[in-house]
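Reader: I am new to this structure. Please show me how to read it.

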2 protein chains.
Amino acid sequence: MGQVEAAVEFAHAQGPRFVEELKALLRIPSVSTLPEHAGDVRKAAEFCAEELKRIGMDNIRLIETATAERTGGHPLVYADHLHAEGKPTVLCYGHYDVQPAEPLDEWKSPPFEPTERDGNLYARGAVDDKGQMWMHIKALESLLVAGGGKLPVNVRVILEGEEEVGGEGIASYLRDHGEALKADVALVSDTEMFAPELPTLCVGLRGMIYTEIEARGARTDLHSGMYGGAAPNPFIALAQVIAKLKDEDGKILIPGFYDTVQVPTADELKAWTQLPFDEEHYRATEVGSVALTGEPGYSVMERTWARPTLDVHGMPGGFIGTGAKTVIPAKATAKVSLRLVPDMTPAESFGQYKAFVESITPKGIELEVRLIHSGDPIVVSTDNAYVRAAVAAMREVFGKETVFVRGGGSIPVVGDFVRNLKIPTVLMGFGLPDDNLHAPNEKFHLANFHRGIESIVRFLVGVGV
Amino acid sequence: MGQVEAAVEFAHAQGPRFVEELKALLRIPSVSTLPEHAGDVRKAAEFCAEELKRIGMDNIRLIETATAERTGGHPLVYADHLHAEGKPTVLCYGHYDVQPAEPLDEWKSPPFEPTERDGNLYARGAVDDKGQMWMHIKALESLLVAGGGKLPVNVRVILEGEEEVGGEGIASYLRDHGEALKADVALVSDTEMFAPELPTLCVGLRGMIYTEIEARGARTDLHSGMYGGAAPNPFIALAQVIAKLKDEDGKILIPGFYDTVQVPTADELKAWTQLPFDEEHYRATEVGSVALTGEPGYSVMERTWARPTLDVHGMPGGFIGTGAKTVIPAKATAKVSLRLVPDMTPAESFGQYKAFVESITPKGIELEVRLIHSGDPIVVSTDNAYVRAAVAAMREVFGKETVFVRGGGSIPVVGDFVRNLKIPTVLMGFGLPDDNLHAPNEKFHLANFHRGIESIVRFLVGVGV
């Protein structure tokens, strides 16, 4: 029995234990955006570091990301195994931080008490990205056991705890210490399959700028009876600004915003039309709204993968309790993000956005436009040995040919790998479209967890051939 | 020494004690809109009832306002003293509930720890309305002591605990049991003086409808990366709706909304121009915004007293924490109120508003428009013996002639008095424009608390002459 078969057999036999370990990791509420969970984020990092040590990786360490300019960064977790002389080096990336779990009352089981139902594992981070990151570690463990402590390729592991808040720590580490992560290809499992049973590689991701617009009117909160009709209202001002950022069809109205948008090739667009996709089914079962929205003349795939968008995520300020308070708040804020596509850049797009927002400042209001974080859009090459190894690995596991898609979300680190390490990334993800990423009842289909481990085992062996 | 002089002397001598009693009442956080404070609201009611009993009023009782259709209503407090045969009956009204104190971090001293600074008493409810309600009770005490247990008029006292949440309890009590509050005139101290040292009667109040617009898009919260460009965004939808409700100059765009707006008389408008008012000073010191807003062609007094307005108070939903969450929320809500002026009615105005909002529902969105509470606009007569008694009383205390103004806020019970009891109301208030009603650092200028008590003593004696 070769290393592949032995590793796959080990992974099958140990599957239930792998799931129990993942549950222990999911119980740690490592919500990176909430300062009160900083200790939990570190605990999740230590949990991963201990497991990397236990399975036999070398040079395990936590890399602190706080700098003189920046306090409170969450640590990177590093490990390597560099004993496969003459073989390529694969950089395995994952993130151990998660999105906030709110609104809590919409979870059927508590977000940090992992629960199995109908072959799925429900928990915040189940698929994004703790579960997928755990596949990497478990594939490495399976290969190490099967190979008597040897791996078919050189491997570096880098895990971050700030993916959900913009990834500033890993970005600056890659800028300043890129040589420490020298590799030939990066492997990222933080995307999804286009449909159940359909092996998928993601070959493009949107970038983003996440911003806040703060509107200030009166010096202090005022009574709307006494001052209504004279005092500016920051919420109404924000509504006027937002209504001018995007027309009712979904076209963004910021001057110059679309100037550098790259149109996908005719081949890529054609391939998208051949994907198994039923727009009405998607509307009814995945989105669940009375209608879909977005720019006319573009398909759902184009709109979510290859066109920039603008969304509002929350509008803090004023009175949000039950009942009535007749306040004109002194200030209100809109959390607004814009998704970018190649060849847009966060710097130029934010500049256009900020200038436009400021130019439409309503009367009586002062606006402050802040950039919270950003990430580059990327398109990765499909023409290299690593992609071929991934396709071959998944053909073995799924018995099907891989489809190439893009993702609408952002994984800023993929751009950092291109920029700082000059290496391609294989985006081999095993989530499903209904896994409720960033939403209540996030889950991971456990069959895909196990198929992911086997696919990664076969991919690493394939890269080493 | 007559009853007036003896009562005034008693009130002067006992002034410090009156303030200490008020502080004890202010320490009770009777926030009527927050269910968790229901016990405190009742405690405030009992506090008032005990004091009415102690000073010698009759028939003290708490009147429950919960009905088959409505649970959780806060009680009314009733007392009377009906021994002045042949004299008019005055209905003294006040409210013992208060607005929420948020945002707490902007208070210089805690909202429910009354603190004296520079001749002012700082606390939530200091002036709105616990302090002004306490003036009534202390004026009654002073007259009862000075008169050996007799009052110069018949008096009924009715205090409510739901003024800040729409006054539904007292409204339905007046509808169903109005005869129990039979009187010749109501006295309400829940308004302010136009300027320091300037005795003021309020002769008009705006009404209001307080509403919520709930926008629903997707069935569950979605990731803005994966669904941005296809899924409807409830916040953007609300922004589009709000931006269409009012133009950028402040004109409300709801069809028919202004049809029944009554223009003040030429005399009233002329009187307003003679009030001591400096618009630039008001902008800079009272509002503190870079510019004032509102309908062009109308003065600040007209805009805040005699024109309808629309304000947004808060927009719950989505992610409002620190940092970033890339969620397209399934739903979001806007808390929107509209102030009404004579001869608008809440029912007709809400109907116009709801129909218009529904007619501009954005694509992909379902809207629900809810009425939270409402109150009628009113204009009260200035030509009766009660107003003349009030003017004479305040001339004695302030040495000045009274000015007649309107208020921009709503005191729905005044409309209920007109409708159900067919009696006029004297709106004799002693707040100041900078008393921070409904805002952090609410205060009551203590000199006005004492002058208020003396004015009410003289008014009640004057009515009895």
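**Domains, copies and helices**

Author: Start with the domains. The centres of domain 1 of chain A and domain 2 of chain A, taken over C-alpha atoms, are 35 Å apart. Domain 1 covers 3-205 + 378-464 of chain A, and domain 2 covers 207-261 + 308-375. These bounds come from an automatic or database domain assignment. This is a predicted model: local features need pLDDT of at least 70, side-chain atom pairs count only at pLDDT 80 or more, and totals for chains, interfaces and linings use all residues. Residues are numbered from 1 along each chain as its sequence is written, while chains are lettered from A and ligands numbered from 1 in the order in which they are written.

Reader: How are the two copies related?

Author: Two copies of a chain are related by a rotation about an axis and a shift along it. Here, a turn of 180° and a shift of 0.1 Å along the axis lay chain B on chain A with an RMSD of 0.1 Å. Superposition is by least squares on the C-alpha atoms of residues with pLDDT of at least 70 in both copies. The two copies are thus related as by a two-fold rotation axis. In chain B, the C-alpha nearest the axis belongs to Ala239(B), 2.1 Å from it.

Reader: At what angle do helix H3 and helix H13 of chain A cross?

Author: Two packed helices are described by the angle between their axes and the distance between the axes. The axes of H3(A) (residues 130-146) and H13(A) (residues 446-464) cross at roughly 50° and come within 8 Å.

Conventions. Axes fitted to C-alpha atoms, helices over the stretch in contact; angles between N-to-C directions. Helix = DSSP H or I, 4+ residues; strand = E, 2+ residues; numbered from the N terminus.
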